[in-house]
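Q: I'm new to this one, so could you pick out a single part and walk me through it slowly? I'd like to know how it sits among its surroundings.

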Amino acid sequence: ELYREWGGGGLERAGMGSKPLRQIQCEMEAGKAARYTLKRLSKDNVRDMGRQVSKVTHSNPLVVFATILNQIESYDNLIQMMVETVRFVTPLSLDVLGYCVLSRLSGTTVGGANRSRLKGDGIN
């Protein structure tokens, strides 16, 4: 219930109008930092980038883990690196990660919208 309230009407730009502007700005900055760090993640620098991701999750774990899960759904080779990265996050961030994974598996996004069970081309 708490994390659903944090998500509000959506994360980053999707939350416009349902949250204060400063909160949306912080979510957008956290999402941008997470995407920047994930672009630079490789097998050679997992420890350094894991610490960077950990620092970003302190400010807005819901946005960061939603971004990470989007990346993992697209690129399977990120899974092992993300497992190593999660070692550096706080217990609150791990709890938020659990919520994000469960909301993905249940078919709802973190912002509350329902996801389609079919891909864009109509195939499961």
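A: Let's take a close look at helix H3, starting with the chain around it. Keep in mind that this is a predicted model. The protein chain has six helices and zero strands, and buried residues make up 40% of its 124 residues.

Now to H3 itself, which runs over residues 46-59. At 1.5 Å a residue, its 14 residues should span 20 Å, and the end C-alpha atoms are 21 Å apart, so the two agree.

Next, which way do its residues look? Val46, Met49, Gly50, Val53, Ser54, Val56 and Thr57 are buried. Looking down the helix axis, you'd find the buried residues of H3 within an arc of 165°, so they line one face. That fits a familiar rule: an α-helix has 3.6 residues a turn, so residues three or four places apart point the same way. Over on the other side of H3, Lys55 and Ser59 are exposed.

What covers that buried face? The cover includes helix H2 (21-39), helix H4 (61-74), helix H5 (78-85) and helix H6 (91-106).

H3 also has a share in the largest nonpolar core, which has 26 residues. H2, H3, H4, H5 and H6 are the elements giving two or more residues to this core, and H4 gives the most, with eight. Leu41, Val64, Phe65 and Ile68 have the most contacts inside the core. Leu41 ties back to our helix: leaving aside neighbours within four places in sequence, its contacts are Val46, Met49, Leu78, Met81 and Met82. Val46 and Met49 are among the buried residues of H3.

Terms used. Residues numbered from 1 in each chain as written. Predicted model: local features only at pLDDT ≥ 70, side-chain atom pairs only at ≥ 80, totals over all residues. Heavy atoms only, no water. Helix = DSSP H or I, 4+ residues; strand = E, 2+ residues; numbered from the N terminus. Expected span 1.5 Å × (residues − 1). Buried < 20%, exposed > 50% of the residue type's maximum accessible area, 1.4 Å probe, protein only. Arc of directions from axis to C-beta. Contact = heavy atoms within 4.5 Å. Core = buried A, V, L, I, M, F, W, Y, C linked by side-chain atoms within 4.5 Å.
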